[in-house]
Amino acid sequence: MGYLRFIQDPLSTEETSLTRAREGAKSINRLRLLAAAPVATCSHRGCSGRAVGTLFAVMLLLLLVASVLLVPCIRSTDPGQDSKATRFVCTSVPLDADPSCPVPAVPMPVNTAQEQELRATVVQLRETILQQKETLGNQKETIKELTSKLTRCESAQLDAKYKGSRRKQHDHVSGKDTMGDLPRDHSQVVDHLGRTIQALKDRLGSLEQQTHPNFSNHTFPSDLREQLQRKLGDLESQLLNKVSELEDEKYVLLNETAAHRYKTESALNALHERVTELEKESSGFKSPDDFKVSLPLRTNYLFARIKKSLPEMYTFTVCMWIRSRASSGIGTPFSYAVAGQANEIVLIEWGKNPIELLINNKVAQLPININDGKWHHICITWTTRDGMWEAFQDGQSQGTGENLAPWHPIKAGGDLILGQEQDSVGGRFDATQAFVGELSHFNIWDRILTLEDIRSMANCSANLAGNIIPWIDNNVVVNGGANKLPLETCKERLVSS
C-alpha cells in the first residue's frame, strides 16, 4: 500500500486563496489516483474481499486526513500574521518507492478533440439561437406595422361606405412610402401591401439562406426547428388571408366605383340637357327678370300663367310692380284657384268697389289706390294666425287688419293666373274682371318680409326674388295675345310714379 508525503512549503502572503484552492484540488486528484492504483494491483494479483475492504478503509482515512490538512490551505491569511506563511503539499508515493526521492506529479487528463468540437458546437448553436431571436423580434415589428396599415385601410373603407361622400383625388407627394403613409386609393393600397409582403418574403428567404449553412453541419434541436417553422407558417397564412380579404374588397370597391361613375355621368348628362333646354328657352332680355307682361285689352282670353304652383302655406308675402291703364276698376292682377275653391287667393278691383283681397273666399278691403296710370310697387302680407294682413304701397304701410280666413292654410297644387279671375281651376274667365295694364317682378315668399326689405325693393336699392314664386322669364307663359316686353329701369319707374 502506498503512503502520503506532506512537504511544508513556504508561501508569501501575496498569493491568493484561489491558488491555494487549486493546489488543494490537485492534491485530492492525486489521492484519488493513488487510491486507484492498489485496487488495480490487488485485482491483478487476485486479492480477497477482505483486503479490498481494508483498502477502502485506508482510502477513507487518507481522504479525511487530506481534508483536515487542506482546510488551512484554502483559508486566507490574517492581516496580523507574518509576511511569509507555509503550506502543505500532498504527494502520493508508491509503496515500494524511496521516500527520500522526489516523485513526479501525476499528469492531469487533457481535453480531447471531440470534447473541444462539442464545446464549439454548443457555442455556435447558442449564437444561432440568439440570431433567431433577433430575427423573430424584427419580424414581429414588421407584422405590427403591416397590421396597423391594414387596420387603417379597413377604417378608410368603412368611412367611404357609411358617409357615401365622393373622395377627392389629391396630388401624389413625391417621396418613398413608409408603413405609416397609406395611399388614399384602395387599388394603390392593395398594390402597396403586395409589394410589402413580397419584400417580407424575400427577407425570410434570405434569412433561411443565411442560416442554412450554419445548420448543415450540426444537428439543430427538433423542437426549436418545429417552433420556427410553425411561426413562419402562421405568419404566411395570416398575410395570405389579409391579401385575399383586400382583393375581395378591391373588387367590391371597383364595382361600387363603376356604379357611382355611372350615376354621376347620368346626373351630368341630365344637367347638361337641362342647361341646353334653358339656353333654348332663354329670351333676349338683359336678365331673366328684366321683362314685363303687357295685357292691353279687357278680354277673357288675355292672361299669363305661372308654371310653378304654390305649396301649402300658413304665411305669405306677395309683391309686384303694377301699372293700370283702365278707366275704372283695375280688374284682377292675379288669382290662385285650387280644387274645391276658386277664390283661394284673389286680388281684385272691379266696378266702383275698392281693391279687395280674397282668401278662401273671405274678403278684406285694402286701403291702396293705384288707378292713376303710373307704376306702383305694392306688397301684401298675410298669416293664418288670427288672419292678420297688411298692405304696402310704394314702400309705405297703408293699413292692417285681421280675421281674414284665420287658421286657414293655403292649399297646394292650384293654378296661378295673372290678369284674370278664375271661376274654376285654370278657366271660366270673366272679361269684366280682367286686368288691363302691365305687371312685373311678381314674387311670392312663404314668410313675412320686413319693412326694410319692402322699402329697399320699392326705392330700387334691392331686387329680391321670391323663394316660392320668383319672377323669371322661363316661369311665365303668356296666352291669347298677351306680350312679354322689355321692362323700364327701376329709376324710370320711380320717375313715372
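Is Glu488 buried, partly exposed or exposed? In this predicted model, Glu488 is partly exposed, at a relative accessible area of 23%. Its salt-bridge partner is Lys292, with 3.1 Å between the closest N and O atoms. Lys292 sits in strand β3 (residues 291-295), whereas Glu488 belongs to the loop between β18 (483-486) and α7 (490-496), and 196 residues separate the two. Lys292 counts as buried because its relative accessibility is 6%, under the 20% limit.

**Salt bridges**

The count of salt bridges comes to 7. Three of them, including the pair above, are listed here.

| Pair | Closest N to O | Separation in sequence |
|---|---|---|
| Lys292 – Glu488 | 3.1 Å | 196 residues |
| Arg323 – Glu438 | 2.6 Å | 115 residues |
| Asp473 – Lys484 | 2.6 Å | 11 residues |

Arg323 lies in strand β5 (residues 315-324) and Glu438 in strand β16 (residues 437-445), so their salt bridge ties together parts distant in sequence by 115 residues. Arg323 is buried at 12% relative accessibility, and Glu438 is buried at 6%. In the third pair, Asp473 is in the loop between α6 (451-458) and β17, while Lys484 is in strand β18. Asp473 is buried, with a relative accessible area of 6%; Lys484 is partly exposed, at 24%. Through shared partners, salt bridges join Lys292, Arg323, Arg325, Glu438 and Glu488 into one network.

**Sheet**

Seven strands form an open sheet in the order β9-β8-β7-β6-β13-β4-β17, with antiparallel pairing. Its edges are β9 (362-365) and β17 (476-479), each of which pairs on one side only. From one strand to the next, the twist averages 20°. Strand β4 (residues 303-306) pairs with β17 in the antiparallel sense over 4 bridges. Arg305 has Val477 of β17 as its bridge partner.

Definitions and conventions: Residues numbered from 1 in each chain as written. Predicted model: local features only at pLDDT ≥ 70, side-chain atom pairs only at ≥ 80, totals over all residues. Heavy atoms only, no water. Pairing = 2+ DSSP bridges. Axes fitted to C-alpha atoms, helices over the stretch in contact; angles between N-to-C directions. Salt bridge = Lys/Arg side-chain N within 4 Å of Asp/Glu carboxyl O. Buried < 20%, exposed > 50% of the residue type's maximum accessible area, 1.4 Å probe, protein only.
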